[in-house]
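Me: I should like to learn how to read a structural model step by step. Could we proceed feature by feature?

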Amino acid sequence: HNPLLLDTRAFSAGIAFFTIGLFKKVVLADSLAVFANSAFKLSTEGALAITQAWQGMLAYSLQLYFDFSGYSDMAIGLALLFGFKLPLNFLSPYRADSIIEFWRRWHITLSNFLRDYLYIPLGGNRHGNTARYRNLFLTMLLAGLWHGAAWTFVLWGMLHGLLLLANHAWRKLVPNPTQLLKPFFIFCTFTFVCFAWVLFRATDLASALHFY
């Protein structure tokens with residue numbers, strides 16, 4: 001119960017969080033951004049090859065994660081240094097084995113906000129499956145608009161909404177899939193998420209379509 005010991009632990013944890021976050025941002029995210037920016041620039045010029053498209057898509061998917069989680073870790077670290085405790089914002093989202101699980105691990109504070117202030121006020125799952133699916137889709141559509149007033153963001157939100165609906169329907173059909181398929185589900189989820197990030201990053205629909 002020594003307050004000094006607790007402060008020392010919090011300070012050490014704060015330094016560790018900040019250092020890890022800074023490494024993610026400066027070393028990993030900024031290095032990957034070179035490949036991602038090059039590929040998306042080529043997509044606007046209609047000069048993107050298949051290998052460049054795959055490289056750019058994967059590079060951006062990792063860049064976005066390391067950039068965003070890096071900033072979150074830095075914020076958590078700084079908060080600990082001043083005696084505050086912020087919630088974790090990322091929990092290995094690319095290891096999720098479903099889109100439902102992905103949104104429980106990716107940008108957790110935003111997911112909680114969307115649930116509490118959009119999904120539940122719309123009715124949540126209180127009025128049957130049809131209303132539940134409608135509310136899920138509307139929530140993700142509004143999440144897309146929240147990121148920006150562009151068709152690329154609208155379609156990104158719609159795509160995640162449709163994936164969530166498909167995921168919930170699949171869980172009703174196959175409530176307890178064998179654990180042997182988990183690596184396959186992780187691969188599929190990661191691939192779907194990466195494909196959706198193309199819409200999130202593309203400057204317009206034309207370059208996104210060329211990328212695809």
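The dialogue below treats confidence, overall fold, one helix, salt bridges and the surface in turn.

Me: How far does the confidence score support this model, and where is pLDDT under 50?

Reply: This is a predicted model, and pLDDT expresses the predictor's confidence in each residue. The average pLDDT here is 93, and 97% of the residues score at least 70. Residues 1-5 have pLDDT under 50, and the model shows zero contacts for them beyond four places in sequence.

Me: How many helices and strands does the protein have?

Reply: The protein has eight helices and zero strands, and its pattern along the sequence reads α-α-α-α-α-α-α-α. Along the principal axes, the C-alpha atoms fill a box of roughly 55 × 50 × 40 Å. Among contacts between residues at least 6 apart in sequence, 64% join residues at least 24 apart.

Me: Why does the end-to-end distance of helix 6 agree with its number of residues?

Reply: One compares the distance between the end C-alpha atoms with a span expected at 1.5 Å a residue, where the multiplier is one less than the number of residues. Helix 6 covers residues 151-173, which is 23 residues, so it should span 33 Å; its end C-alpha atoms are 33 Å apart, in agreement with that value.

Me: Which residues of helix 6 are buried, and what covers them?

Reply: The general idea concerns periodicity: an α-helix has 3.6 residues a turn, so residues three or four places apart point the same way. In helix 6 the buried residues include Phe-153, Trp-156, Gly-157, His-160, Gly-161, Leu-164 and His-168. Their cover includes helix 3 (99-105), helix 5 (128-147), helix 7 (182-201) and helix 8 (205-211).

Me: Helix 5 is part of that cover. Is Arg-134 buried or exposed, or does it lie in between?

Reply: Relative accessibility decides the class: a residue is buried under 20%, exposed over 50%, and partly exposed in between. Arg-134 belongs to helix 5, and its relative accessibility is 46%, so it counts as partly exposed. The C-alpha atom of Arg-134 lies 28 Å from that of Lys-182, and the two residues are 48 apart along the chain.

Me: How many salt bridges does the whole structure contain, and which residues does Lys-25 pair with?

Reply: The criterion is a side-chain nitrogen of Lys or Arg within 4 Å of a carboxyl oxygen of Asp or Glu. A search of the whole structure gives seven salt bridges. Lys-25 pairs with Asp-30, with the closest N and O atoms 2.7 Å apart. Lys-25 also pairs with Asp-67, for which the closest N and O atoms are 3.5 Å apart. This second pair links distant parts of the chain, since Lys-25 is in helix 1 (residues 3-44) and Asp-67 is in helix 2 (residues 50-81), 42 residues apart. At 14% relative accessibility Lys-25 is buried, whereas Asp-30, at 34%, is partly exposed.

Me: What is the closest N and O distance between Asp-116 and Arg-115?

Reply: In that salt bridge the closest N and O atoms are 2.9 Å apart. Asp-116 has 33% relative accessibility and is therefore partly exposed; Arg-115, at 39%, is also partly exposed. Elsewhere, salt bridges with shared partners join Lys-25, Asp-30 and Asp-67 into one network.

Me: Which residues make the nonpolar surface patch of about 320 Å²?

Reply: Leu-22, Phe-23, Val-26 and Val-27 make that patch. Leu-22 lies in helix 1 and is partly exposed because its relative accessibility is 36%. For the protein as a whole, the exposed area is about 12300 Å², of which carbon and sulfur atoms supply 69%. Buried residues account for 41% of the 212 residues.

Terms used:
Residues are numbered from 1 along each chain as its sequence is written. This is a predicted model: local features need pLDDT of at least 70, side-chain atom pairs count only at pLDDT 80 or more; totals for chains, interfaces and linings use all residues. Side-chain values use heavy atoms; hydrogens and water are left out. Helices (H or I, at least four residues) and strands (E, at least two) are DSSP runs, numbered from the N terminus. Buried means under 20% relative accessible area, exposed over 50%, partly exposed in between (1.4 Å probe, protein chains only). Contact means heavy atoms within 4.5 Å. pLDDT is the predictor's confidence in each residue, from 0 to 100. Patches are made of residues with over 30% relative accessible area and no salt bridge: like charges are joined within 9 Å, nonpolar side chains (Val, Leu, Ile, Met, Phe, Trp, Tyr) within 5 Å. Accessible areas come from the Shrake-Rupley method with a 1.4 Å probe; for residues, only the protein chains shown count as cover.
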